[in-house]
Amino acid sequence: MWWVALPPVFIMCSGIMFGGALSVVFLLAGGWLLLAAGVASAKELLPLGTVYVSITAIYLVMQEFYARQCHNYACLAKSLETNALTDALTGLGNRRDFLTYFTVSVARAQRAKQPLSIALVDIDDFKKVNDTYGHLLGDAVLCHVATILAQTLRASDRVFRWGGEEFVVLMADTCPLNARHAAEKVRKAVQESPFVTEDKSIIVTISIGLHTSNVQVGLEAVLEEADRNLYLAKQGGKNQVVM
């Protein structure tokens, strides 16, 4: 019985690949020893070996199927999580992703006693773009601006689609002076990079409302201040940064 019972133990303890190989060696060596010692005949060993090989093969197939299913489920769960936190149009993080990241960033900033800057970015006269060229081209302009934001800012700065034609940028460990410098850099990059199609070139500009927090206040107060500054930028003629 040990000749049949031990190989499954090898597989369970050592895994499919190594345990399976060990089991084959064990079966061949054990069968040869049993035959050589005259303990069992080939007629007795052959049925047992056939049954064991069949059971082992089924077990291995089931293990492989289970492993593949687990991998597929893990990939699906990861994909669903990514989709839930990603804006489908621009590929940036969405509002939900921002809220999660903001909470983590605030906790980190509080521990390190560092400032946290937020920029609300709005595309100027975006309604005119949609009305003049259509929503499909308007979506392309949104993606155009999103790409410039992501490429111009530092790798440590995170850009999110806030909604409509608005984006929000979270800049960790960034003082007001550096935040304004980064915002101006982005504003100029957008202004100097018109959206170009086969038959037209559209000048795009953005307005930015900035606020640097000592992270002792809540998200609502931080966003309210940044939004107020964005409103002032719009009222002041657009295509500018206010903080």
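Which residues does Ser 213 touch, not counting residues up to four places away in sequence? The answer is Pro 115, Leu 116 and Val 222. Keep in mind that this is a predicted model. Ser 213 sits in strand β6, and β6 belongs to an open sheet of 5 strands, so let's start with that sheet and then look at the helices around it.

**The sheet**

- Reading across the sheet, the strand order is β2-β3-β1-β6-β7, and the pairing is mixed.
- At the edges you'll find β2 (158-163) and β7 (241-242), each of which pairs on one side only.
- Here's a bit of background: strands of a sheet pair through backbone hydrogen bonds, either parallel or antiparallel.
- On one side, β1 runs antiparallel to β6 (residues 206-213), with 8 bridges joining the two.
- Along that pairing, Asp 122 stands opposite Ser 207, and Val 121 stands opposite Ile 208.
- β1 also runs antiparallel to β3, this time with 7 bridges.
- In that pairing, Ile 118 stands opposite Leu 170 of β3.

**How covered is β1?**

- Strand β1 is mostly covered, with 8 of its 8 residues buried.
- One side of β1 carries Leu 116, Ile 118, Leu 120 and Asp 122, while the other carries Ser 117, Ala 119, Val 121 and Ile 123, and all of them are buried.
- Over in β6, Ser 213 is buried too, with a relative accessible area of 6%.

**Helices lying across the sheet**

- Helix α4 (residues 95-112) lies across β1, β2 and β3 (166-172).
- The angle between α4 and β2 is about 135°.
- Helix α7 (residues 176-191) lies across β1, β3, β6 and β7.
- Against β6, α7 runs at about 165°.

**Aromatic rings around α4**

- The structure holds 4 aromatic pairs.
- One of these is Phe 98 with Phe 102, a tilted pair with 5.8 Å centre to centre and 40° between the planes.
- Both of these residues lie in helix α4, 4 residues apart, which is about one turn of the helix.
- Phe 98 and Phe 102 are both buried.
- Another pair is Tyr 101 with Phe 160: the ring centres are 5.9 Å apart and the planes are at 45°, so this pair is tilted as well.
- Because Tyr 101 lies in helix α4 and Phe 160 in strand β2, the pair ties together parts that are 59 residues apart in sequence.
- Phe 160 is buried, with a relative accessible area of 0%.
- Put the ring pairs together and you get a cluster of Phe 98, Tyr 101, Phe 102, Phe 160 and Trp 162.

**A buried charged residue in α4**

- Asp 97 is another residue of helix α4, and at 13% relative accessibility it counts as buried.
- The side chain of Asp 97 makes a polar contact with the side chain of Arg 158, at 3.1 Å.
- Leaving out residues up to four places away in sequence, Asp 97 touches Leu 85, Arg 158 and Phe 160.

**Helix α5 and its two sides**

- In helix α5 (residues 126-133), the buried residues are Phe 126, Val 129 and Asn 130.
- Looking down the axis of α5, you'd see those buried residues fall within an arc of 95°, so they line one face of the helix.
- Lys 127, Lys 128, Asp 131 and Thr 132 are exposed on the other side of α5.
- The packing partners of the buried α5 residues are β1 (116-123) and α6 (135-152).
- Just after α5 comes Gly 134, with a positive phi of about 100°.

**Positive phi outside glycine**

- Lys 113 is not a glycine, yet it has a positive phi of about 55°.
- You'll find Lys 113 in the loop between α4 and β1.
- Is Lys 113 buried or exposed? At 77% relative accessibility, Lys 113 counts as exposed.
- Asn 239 also has a positive phi, near 50°, in a residue other than glycine.
- Asn 239 sits in the loop between α8 (219-235) and β7.

Note on methods:
Residues numbered from 1 in each chain as written. Predicted model: local features only at pLDDT ≥ 70, side-chain atom pairs only at ≥ 80, totals over all residues. Heavy atoms only, no water. Buried < 20%, exposed > 50% of the residue type's maximum accessible area, 1.4 Å probe, protein only. Arc of directions from axis to C-beta. Contact = heavy atoms within 4.5 Å. Pairing = 2+ DSSP bridges. Axes fitted to C-alpha atoms, helices over the stretch in contact; angles between N-to-C directions. Polar contact = N/O pair within 3.5 Å; in protein donor to acceptor, adjacent residues only side chain to side chain. Phe/Tyr/Trp six-rings, centres within 6.5 Å; stacked < 30°, edge-to-face > 60°.
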